[in-house]
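Here is a short colleague's note to read alongside the structure. Please keep the view open as you go through the points.

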Amino acid sequence: MALFVHNLAEKALALVNSAVTYSVTYLKPRLATFWNYAKVKLVPPIPAKIPTTIQSLKKIVNSAQTGSFKQLTVKEALLNGLVAAEVWMWFYVGEIIGKRSIINYHV
């Protein structure tokens, strides 16, 4: 019985060791890629981008006023709709977090 437990412990240790080694070799390049993207995409906006943002908002308002949004392709319209839905859902998530309850939240 003691030999069985000893062999089982050795096999379990070898299995865990190989799993950790595989995980490290698998995750290391993926984490490096994530970190590179995080450095670029997750930085706060800088003041130099404010004029570009204002021009973009003016373009959206002008598109709504002139009706040029009707000339979008189906793919562009779908992507714009998905972005709007995402913003809308994050608003509701923020409301639920701020309220600290999902109960009695009239959606």
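**Notes for a first look**

1. Let us begin at Ile96. With a relative accessibility of 23%, Ile96 counts as partly exposed, because that class runs between the buried limit of under 20% and the exposed limit of over 50%. You will find Ile96 in helix H3. Please bear in mind that this is a predicted model.

2. From Ile96, look across to Ala9. The two residues are 87 positions apart in sequence, and their C-alpha atoms lie 48 Å apart in space. Ala9 belongs to helix H1. Ala9 has a relative accessibility of 45%, so it counts as partly exposed.

3. Ala9 can also be paired with Leu78. Along the chain 69 residues separate Ala9 and Leu78, and the distance between their C-alpha atoms is 55 Å.

4. Next to look at is Glu10, also placed in helix H1. Its relative accessibility is 44%, so Glu10 counts as partly exposed. Between the C-alpha atoms of Glu10 and Leu27 there are 25 Å, for a separation of 17 residues along the chain.

5. Now for the start of the chain. Met1 sits in the segment before helix H1, which spans 2-41. Met1 counts as exposed because its relative accessibility is 79%, and the exposed class begins over 50%.

6. Which residues make a nonpolar surface patch with Met1? They are Phe4, Val5 and Leu8, and together with Met1 they form a patch of about 490 Å².

7. The last feature is a pocket. The largest pocket has a volume of about 250 Å³. Its lining consists of Ile60, Ser63, Ala64, Ser68, Phe69, Leu72, Asn80, Val83 and Ala84.

8. Which helices each supply at least two residues of that lining? Helix H2 (50-66) and helix H3 (74-99) do. Recall that helix H3 is also where Ile96 is placed.

9. What is the make-up of the lining of the largest pocket by class? Six of the lining residues are nonpolar, three are polar, and none are charged. If you would like to check this on screen, Phe69 and Asn80 are among the lining residues to pick out.

Definitions and conventions
Residues are numbered from 1 along each chain as its sequence is written. This is a predicted model: local features need pLDDT of at least 70, side-chain atom pairs count only at pLDDT 80 or more; totals for chains, interfaces and linings use all residues. Side-chain values use heavy atoms; hydrogens and water are left out. Patches are made of residues with over 30% relative accessible area and no salt bridge: like charges are joined within 9 Å, nonpolar side chains (Val, Leu, Ile, Met, Phe, Trp, Tyr) within 5 Å. Accessible areas come from the Shrake-Rupley method with a 1.4 Å probe; for residues, only the protein chains shown count as cover. A salt bridge is a side-chain nitrogen of Lys or Arg within 4 Å of a carboxyl oxygen of Asp or Glu. Helices (H or I, at least four residues) and strands (E, at least two) are DSSP runs, numbered from the N terminus. Buried means under 20% relative accessible area, exposed over 50%, partly exposed in between (1.4 Å probe, protein chains only). On a 1 Å grid over the protein atoms alone, a cavity is a set of points where a 1.4 Å probe fits but cannot get out, and a pocket is an open set with protein on both sides within 12 Å along at least five of seven lines; lining residues have an atom within 4 Å of a point. Grid points are joined across faces, edges and corners, and a volume is the space filled by probe spheres set on the points. Ala, Val, Leu, Ile, Met, Phe, Trp, Tyr, Cys and Pro count as nonpolar, Asp, Glu, Lys and Arg as charged, and the others, Gly among them, as polar.
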